[in-house]
Amino acid sequence: MNHRISRRDLLKTLGASGWAAGLGGALAGSAAHADEPEPSGFTGSVLKANVVQSTATCPTLVGGEVIQPQRKLSLLDQTDVLVVGGGSAGVAAAIAARRAGATVTLVERYNHFGGLWTGGLVLVVIGHMVKGPKQVCMGIGEEMMRRLEKIDGGIANRGPGKNPTVDAEALKFVMLDMVEEAGVKVFLHCWGVDAVMEGDAVRGAVFESKSGRQAILAKVVVDATGDGDVFAAAGAEFEHRTYNIGLVSRIGNLDKVGSAAKQGRPPRGLGSPTPIAGVNWVNMLGPERDGLDVAELTRLEMNHRRQIWKQIERLRKTPGYERTYLVETAPQLGVRITRTLTGVKTLTRDDIRNGARFPDVIAVGGFTEPKGEEWHIPYGVLVPRKIDQLLTAGRCISAALKTADNIRLIPVCFATGHAAGVAAAVAARDGCPPRAVEVPKVQRILREQDAYLG
Ligand SMILES: Cc1cc2nc3c(=O)[nH]c(=O)nc-3n(C[C@H](O)[C@H](O)[C@H](O)COP(=O)(O)OP(=O)(O)OC[C@H]3O[C@@H](n4cnc5c(N)ncnc54)[C@H](O)[C@@H]3O)c2cc1C
């Protein structure tokens, strides 16, 4: 049955219960995409009736084991460069590759871009400054921050030697705008679960979504999942690591603390200011755990949530802080490091400490305080040793454990993402594997795209 209800009917029905005014306002006020006008009421249609799906490709239970039969996958898309993961690294990679002339498809498992930077509520950008204080992480990430400056409440504490704090919603919006402007094709709500292989070369990736299990074919794939989901599936060598896993939260009404709060030391766990007045973000270190163990992730999520709630209850019992409240816990758990690629090159602690220089530099990192010198990142940390048509970027690049707190910083992630995107576009255009791209060509395009390479 095709049952439609008009806005007038709906409002008449809801009006009886006193909802009409509020709902009418919400419908009129909510933003809609320019090409898709906001409907004036709920509508629904039956697309197909009496649907029964084939079970021919369902896994079967054979002798107590679950066996997946061979099956043909439908193609979701075909492109030059496929970027899996829409965090700081993936968004920069997708925009860079598109601006370098490739067709690009960006796939993200959640409903927004930014990864830990937005969904993880990790709002403060550190590691882009060195002595001077000079900013060394530039390019597409810097462009994002400049765009945030134009939005009221988009970014706070910007300037030389400062670590700016972004508003997660403003950043999601800026990233969406930049991705659309660049002409990147996007699939959200799509989880990358496997690699499509031809010998040692990656030919695409497999995704699970509400549309089922589908493949996207590509000339080059950039794994920007942060966890190396694609390079692991493709058989590239990696290190499996444990690291601290926390859950970030935000507290509100800190601008409404009473006079009693002014006596004595402020309570612990108040966090740091955000661009929204009275709202702080609260970081959490959390215990060292395996971020690839789903039972562990579940336990951590539940324990951290309980701990944050109890902390807020304690805070609200503190004289002066009665009106504070928990704005939200991050939609995304704070998993810092899981898999890191074993690349053609591996960045070491000494490389960073001694300021090593590389002829194939593709990104430059800074420090949390603008006291240190810049450190350079060679192209080889993005390239798997054996597997072709694949690059990685972000917090899972090839780097020693002791460099984790440098390479995983947001600006370094967007800088390596930027580089991987350009290199992928060059490899796709020149018809060569990423390990064979002419690095000077990549460096020239990166500089044209305002990246800083020393
Ligand atoms: C608690 C915490 C505090 C931190 N504090 C700071 C700080 O103060 N300053 C700082 O600069 N950095 C900080 N960091 C580090 C920084 O936030 C991250 O390292 C950085 O944002 C990682 O960027 P990324 O793009 O490499 O990965 P991510 O942000 O993890 O992005 C990966 C993206 O890929 C998607 N994805 C993952 N798997 C799949 C899949 N299989 N299929 C499809 N999509 C997938 C994810 O949803 C996500 O959008 C902190 C990190 C944490 C966890």
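A search of the whole predicted structure finds one cavity of 30 Å³ or more, and about 70 Å³ of space lies in this largest cavity. Its lining is made up of 14 residues, of which M138, A415, H418, A451 and Y452 lie nearest the centre. Strand 22 (361–365) and helix 10 (410–430) each supply at least two residues of that lining. By class, twelve of the lining residues are nonpolar and two are polar, while none is charged.

Because the model is predicted, its confidence values bear on how such features are read. The chain averages a pLDDT of 92, and 93% of the residues score at least 70. Over residues 1–32, however, the pLDDT is below 50, and this stretch has 26 contacts in the model beyond near neighbours in sequence. Where pLDDT is low, the predicted coordinates should not be read in detail.

Among the pockets, the second largest has a volume of about 290 Å³. This pocket is lined by 18 residues, with R268, G269, L270, V282 and Q311 lying nearest its centre. Strand 15 (249–252) and helix 7 (294–316) each contribute at least two residues to the lining of the second largest pocket, and the largest share, six residues, comes from helix 7. The lining of this pocket divides into ten nonpolar, six polar and two charged residues, whereas the lining of the largest cavity has no charged residues.

Helix 4 (residues 139–149) contains a series of buried positions, namely G139, I140, G141, E142, M144, M145 and L148. The elements covering these buried residues include helix 3 (88–99), strand 6 (134–135), strand 7, strand 8, helix 5 (168–182) and helix 10. Helix 10 also supplies at least two residues of the lining of the largest cavity.

R158 is placed in the loop between strand 7 (155–156) and strand 8 (165–166). Not counting residues up to four places away in sequence, R158 touches Q135, E142, M145, R146, E149 and P164. Of these contacts, the one with E142 includes a polar contact of 3.0 Å between the two side chains, and E142 is itself one of the buried residues of helix 4. R158 has a relative accessible area of 22% and is therefore classed as partly exposed, since the buried class requires a value under 20%. The C-alpha atoms of R158 and V125, which are 33 residues apart along the chain, are separated by 9.8 Å.

Several backbone features were also identified. Most residues other than glycine have a negative phi, and most peptide bonds are trans. Against this background, a cis peptide bond joins G132 and P133, with an omega of about -5 degrees. P133 is located in the loop between strand 5 (129–130) and strand 6.

Positive phi values are found at two residues that are not glycine, one of them being N50, with a phi of about 50 degrees, and the other Q389, with a phi near 60 degrees. N50 is found in the loop between helix 2 (20–29) and strand 1 (60–62), and Q389 in the loop between strand 23 (375–378) and strand 24 (390–392). The surroundings of these residues differ in accessibility class: N50 counts as exposed because its relative accessibility of 76% is over 50%, whereas Q389 counts as buried because its value of 12% is under 20%.

Technical notes:
Residues are numbered from 1 along each chain as its sequence is written. This is a predicted model: local features need pLDDT of at least 70, side-chain atom pairs count only at pLDDT 80 or more; totals for chains, interfaces and linings use all residues. Side-chain values use heavy atoms; hydrogens and water are left out. pLDDT is the predictor's confidence in each residue, from 0 to 100. Contact means heavy atoms within 4.5 Å. On a 1 Å grid over the protein atoms alone, a cavity is a set of points where a 1.4 Å probe fits but cannot get out, and a pocket is an open set with protein on both sides within 12 Å along at least five of seven lines; lining residues have an atom within 4 Å of a point. Grid points are joined across faces, edges and corners, and a volume is the space filled by probe spheres set on the points. Helices (H or I, at least four residues) and strands (E, at least two) are DSSP runs, numbered from the N terminus. Ala, Val, Leu, Ile, Met, Phe, Trp, Tyr, Cys and Pro count as nonpolar, Asp, Glu, Lys and Arg as charged, and the others, Gly among them, as polar. Buried means under 20% relative accessible area, exposed over 50%, partly exposed in between (1.4 Å probe, protein chains only). A polar contact is a pair of N or O atoms within 3.5 Å; within protein, one must be able to donate a hydrogen and the other to accept it, and residues adjacent in sequence count only if both atoms are side-chain atoms.
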